[in-house]
Amino acid sequence: MTAQANTSIARRAGAIIMAPVALLARAFDPPLRMLQKFGGTNVMAAFFLAPNMLIFGVFVLFPLAVNIAYSMTGGNALFLTNREFVGLDQYERLFDCGNYLDRQTCREDLFWTAVWNTSSFVVLQVSLMVGVALVTALVLNRDLKARSFWRAVFFFPVLLSPVVVGLIWRWILQRQGLLNFGLYELGFEPVNWLVERNWAFAAAVGVSVWAHVGFYALILLAGLQAIPKELYEAAEMDGTKPGRVFWRITLPLLMPNLLVVLVLTLIRAVQIFDEVYVLTGGGPGTSTLFLTQYIYEVGFASHLRNPGLASAASILMGLVLIVLTLFQLGIVRRNDRRGGK
Amino acid sequence: MSRITLTGVSRSFGQVQVLHDIDLDIRDGELVVFVGPSGCGKSTLLRLIAGLDRPTKGTIAINDEDVTRVAAADRGLAMVFQSYALYPHMSVRQNLAFGLENARMPRAEIDQRIAEAARMLEIAPYLDRRPGQLSGGQRQRVAIGRAIVRNPTAFLLDEPLSNLDAELRISTRAELAALHERLSATMIYVTHDQTEAMTLADRIVVLRAGRIEQVGTPLELYNRPANLFVAGFIGAPRMNFLPAEIGGTKDGRTRLDLEGAGSLEVEAVAASPGDEVTLGLRPHQLRLVDGGEGMAAEVSLVEALGSETVVHTRMEGGESLLAVLSGQHQVEAGETVRFSLDSTDLHLFDSDGVRLQPAAN
């Protein structure tokens, strides 16, 4: 078939698909013109924004308000109207500690365990994530054979659902899993990866890095490719050693992308839940219990569920995320200003 | 002192050969311009000399020392890139110092070299600014400054004026020529602009499709182009080409029969009667004549520039003919005019496009 015939078919198909849209547009045309005539551009803007604002209001703002309200109530009743107003008692309960350095002395020691685990996770996972993403991006930016294939390989895990990620790694890491089978075949003793506390925590960090590193590597790769090739050639003419090229040219020019990756990773690490929940269930014991899982279990899963306490914990976590998001916005705006110069 | 010699240099990218057996000798202190249309291989050739790329075949020597496999940094050359390639996150001072710091030069000497280059290029007030805060012309000077501070054996300049506006390009061109005079350094300059080549070069290398078409001084190339390509490329506006046939040679003169434009006699050339040739004549070599003599052509467009008048015409046979007439002339589109020409100014090329040599006596 000729290219001309293909174009003709494509045009006809486009016309058929667009016909109902055109009809709809024609039907809405007179009332919209009236609205613009009598209401002006502000009313028109509000009209077009209304559907999104409605969805945002119903699914974000309203639950947020309800959550704040729940955090100021007590008891086990599910409906807000049946719950007793307790003011800031739930927050007080969360912060009620004999000694903040010893979480055993806290009334909600599980909350502080989750805070401690999440903080450790954030520090380890973010450093590892940024480091691995940077190395991956640097490698993928080289003139590799089958470069597109390798890029796809690193990005592929990002497309998997977190539950699938958790299940895959549970099959690999469990007592009779693939990894231990391999170790056994090589003559090593099997390791209880998901039963031993430190290994389980390391597995949580490693699996979450594996699942998301492709996305961050892609951001850094875009940054690396935006650095003009001539700068490296100028450095080559100047006799710059590879290490100095990295520290003095690549890293400073990649810094805007690195900062974005750092803050995005931070925000996502604080919210870690699904893949680790499927992988370890928070165990062994509470060694991989993170803040989101704590909130979920206190609010919905435990026998003595306490929606008020869970809401208070989620509001505190939300505040941390707001701070991190504002930090990210600040960085993005600063980069925009610099880019505009 | 720096003499650069290329011997049989070729470069292929996969199946595509972009440079074919280039032989060239660049003398010490010479400003050589590589000129040619886009894709002719001039930048590739410069990169090979710089050491940023390796030839597939052939050798490159600097001062008779083979540097074909020597790293770019060890060739003692400095390059000014088309995009300037200044490090955007460093100040002008840091940009100038970067290469010297790599060589672990003492701080005092670095500062002295920067001060000297800054004075020479008048960039001292901008030393603490970043490249993003400079104009195109200032950035260009910094890029040249970065090359100067290294005190290289030769400068390689890859279309350094192409990002400047027309006015700035002319003034910077003059500054570059003055800089070459002052430094007496070997410079290789790449451009696609024949005017830049004509005004700057000691010698011009005309490249086409990866081959050297001609090497010579600007006037050699202008007065005696080796082939049709060089004749058409060098000189602005470009040379007119008219098909002609050799009528015969008698008494040291060859008669040329022009299609639809009569005949004329030129100094005898090495060609046989009946040979098809191309006559080349510069637009500036045509003169308007009154009466029934000369080549007739119909005017299609007149550009009155004040000091000169550019007349676009079409001859009876359909060939276009451009004339640049000195002064102002009352000529209008649609009018038929006649041109005379001095037969000593003509260029003749054979059917392969090669310049016809004078006939042996």
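Chain B is built from 8 helices and 20 strands, with helices (H or I, at least four residues) and strands (E, at least two) read as DSSP runs and numbered from the N terminus. All of this comes from a predicted model, where local features need pLDDT of at least 70, side-chain atom pairs count only at pLDDT 80 or more, and totals for chains, interfaces and linings use all residues. Residues are numbered from 1 along each chain as its sequence is written, chains are lettered from A and ligands numbered from 1 in the order in which they are written, and side-chain values use heavy atoms, with hydrogens and water left out.

Let's stay with chain B for a moment. Its C-alpha trace spans about 75 × 45 × 35 Å along the principal axes. Of its 361 residues, 50% count as buried, meaning under 20% relative accessible area with a 1.4 Å probe and protein chains only (over 50% would be exposed, and in between partly exposed). The domain assignment, automatic or from a database, splits chain B into domain 1 (4-233) and domain 2 (240-349). The C-alpha centres of these two domains of chain B sit 39 Å apart. As for what touches across the divide, 9 residues of domain 1 of chain B are in contact with 5 residues of domain 2 of chain B, a contact being heavy atoms within 4.5 Å.

For a look inside domain 2, try B:L281, which belongs to strand β14 (residues 276-281) of chain B. B:L281 counts as buried because its relative accessibility is 1%. Leaving aside residues up to four places away in sequence, B:L281 touches B:M239, B:N240, B:L242, B:L286, B:L321, B:L341 and B:L346. B:L348 is 67 residues from B:L281 in sequence, yet their C-alpha atoms are 8.9 Å apart.

Now to α1(B). This helix is largely enclosed by the rest of the structure, because 7 of its 9 residues are buried. They are B:K42, B:T44, B:L45, B:L46, B:L48, B:I49 and B:A50. Right after α1(B) comes B:G51, with a positive phi of about 95 degrees.

That helix also leads us over to chain A. The buried residues of α8(A) pack against α1 (42-50), β6 (77-80) and α4 (136-148) of chain B, as well as α9 (242-270) of chain A. Helix α8 covers residues 229-237 of chain A, and its buried residues are A:L231, A:E233, A:A234, A:A235 and A:M237. A:G239 follows α8(A) and has a positive phi, near 70 degrees.

Stepping back to chain A as a whole, we get 12 helices and 4 strands. A compact globule of 341 residues would have a radius of gyration near 20 Å, whereas chain A has 27 Å; the radius is taken over C-alpha atoms, and the globule rule is 2.2 Å times the number of residues to the power 0.38. The C-alpha atoms of chain A fill a box of roughly 75 × 65 × 45 Å along the principal axes, and 35% of its 341 residues count as buried. Chain A is divided into domain 1 (3-70) and domain 2 (111-340), whose C-alpha centres lie 37 Å apart.

Last, the surfaces. Chain A exposes about 20800 Å², with carbon and sulfur atoms supplying 68% of it, while for chain B the figures are about 16600 Å² and 46%. These accessible areas come from the Shrake-Rupley method with a 1.4 Å probe; for residues, only the protein chains shown count as cover.
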